[in-house]
Amino acid sequence: MEILPRACSGEYIGCLGITEPNAGSDAMGMTTRAVKVKDRYIVNGSKAFITNGNVADVMLFYAKTDPARGAHGISAFYFLTNGVNGLYREKIKKWGMRSSPTALITFDDMEIPEENLIGGLNRGGAILTNGLCTERITLSGCSLGSQRACLDLSLRYARERIQFGKPISSFQFIQGKLADMYTSYMASRWMAYSAAAYCDSLEKKVGGKGTDLDRKAAAALLFCGEMGTKVAADAIQIHGGYGYCQEYAVSRHYLDQKLWDIGAGTAEVRRMIIARELLRDNFQSAR
Ligand SMILES: Cc1cc2nc3c(=O)[nH]c(=O)nc-3n(C[C@H](O)[C@H](O)[C@H](O)COP(=O)(O)OP(=O)(O)OC[C@H]3O[C@@H](n4cnc5c(N)ncnc54)[C@H](O)[C@@H]3O)c2cc1C
């Protein structure tokens, strides 16, 4: 295939279009339409908050191909963005994740060849929920890196910063925060690594509704996101006023970490997924 090797080598930047201005947590409520006309699909609608959307060479997106069938009327498509008519991309200003551009994308009678349909007509819903499982595990790893950086930076600063004639690391309140940060980070690591190992152990790596992978991936990112937000807040507190200044890296981690409570399905959505999977009829035990 012409795209995957280039995406893996970094020659192509990709983006993924699920979310819409009026369909976020309710992703299956998307209204972007792809209508088949002869050997092409005509696409209309818009996608919001698309990471790399304004710089991507290739886009994978979901659209309704049979709206009356709801979640069962969604299909996945891809296209190369270069020179496509009817594609409009507008960068969104964010306060975190500043090195990762995010865009609003509009399709206005955009035409793509029928062979750009992926995985079969009206089969996109399963691809979407399956892909979100691996995305949640990957994003757990992003939170872990940031948590570790917060801990490392805080340990260094606590040893260097002198108040009352002593390093602040000698004060028990600071020591308590460092201990909590370490514990949160190690617990997050376990959640992320165990979900990743479980995913690796699956021959076909199928996730989505009704699978153990859905629950484990949602739980990993739920925990890593919420712990990460707390770890970053503790790091700011240890840095005092300097932590509130942009020149100290912990301030960036604080802004970035919040995204892991929101992206790839919010913390609330993850709790809904975990509870749904725990309560499903054939659920046996929380292995
Ligand atoms: C920086 C960034 C990058 C992103 N990148 C991408 C991307 O590349 N591709 C992509 O497709 N999307 C992307 N997203 C979108 C992201 O997945 C959505 O923001 C997220 O799914 C939430 O949707 P929403 O923002 O519309 O919030 P809403 O769905 O409007 O939710 C608002 C609040 O209501 C809560 N809520 C909603 N429904 C329920 C319910 N049933 N029960 C309880 N609470 C509920 C939510 O948890 C949240 O707290 C990105 C978002 C951000 C901020």
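How many bridges join β3 to strand β7, and in which sense do the two strands run? The legends below take up this point and then turn to the ligand and the domains of this predicted model.

**View 1. Strand β3 and its pairing with strand β7.** Strand β7 comprises residues 102-113, and 9 bridges join β3 to this strand. The two strands run antiparallel. Within this pair, Tyr41 is found opposite Ile112 of β7.

**View 2. The hairpin of strands β2 and β3.** Strand β2 spans residues 33-37 and strand β3 spans residues 40-51. These strands pair in the antiparallel sense, with 5 bridges between them. Lys36 has Tyr41 of β3 opposite. Tyr41 therefore appears in two pairings of this sheet, since it also stands opposite Ile112 in β7. The hairpin has 2 residues between its strands, and Lys38 adopts a positive phi near 55° there. As a general point for reading such views, side chains in a regular strand alternate between the two faces of the sheet.

**View 3. Polar contacts of the ligand.** Three side chains with polar atoms beside the ligand are described here. In Thr19, an N or O atom of the side chain lies 2.7 Å from a nitrogen atom of the ligand. An oxygen atom of the ligand is 2.6 Å from a polar side-chain atom of Ser25. For Thr51, the distance from a polar side-chain atom to a nitrogen atom of the ligand is 2.8 Å. On its own the ligand has 980 Å² of accessible area, and the protein covers 63% of that area.

**View 4. The shell of residues around the ligand.** Which residues come nearest to the ligand? Of the 17 residues around the ligand, these are Thr19, Ser25, Phe49, Thr266 and Glu268. Sorted by class, the shell contains 8 nonpolar, 7 polar and 2 charged residues. Strand β3 supplies the largest share, with 3 residues.

**View 5. The two domains and the ligand.** The protein is divided into domain 1, residues 4-122, and domain 2, residues 125-278. Their C-alpha centres are 28 Å apart. The contact between them takes 14 residues from domain 1 and 13 residues from domain 2. Where do the residues around the ligand come from, in terms of domains? Each of domain 1 and domain 2 gives at least three residues to the shell.

How values were computed. Residues numbered from 1 in each chain as written. Predicted model: local features only at pLDDT ≥ 70, side-chain atom pairs only at ≥ 80, totals over all residues. Heavy atoms only, no water. Helix = DSSP H or I, 4+ residues; strand = E, 2+ residues; numbered from the N terminus. Near = heavy atom within 4 Å. Polar contact = N/O pair within 3.5 Å; in protein donor to acceptor, adjacent residues only side chain to side chain. Areas by Shrake-Rupley, 256 points an atom, 1.4 Å probe, with all protein chains shown as cover. Nonpolar A, V, L, I, M, F, W, Y, C, P; charged D, E, K, R; others polar. Domains from an automatic or database assignment. Contact = heavy atoms within 4.5 Å.
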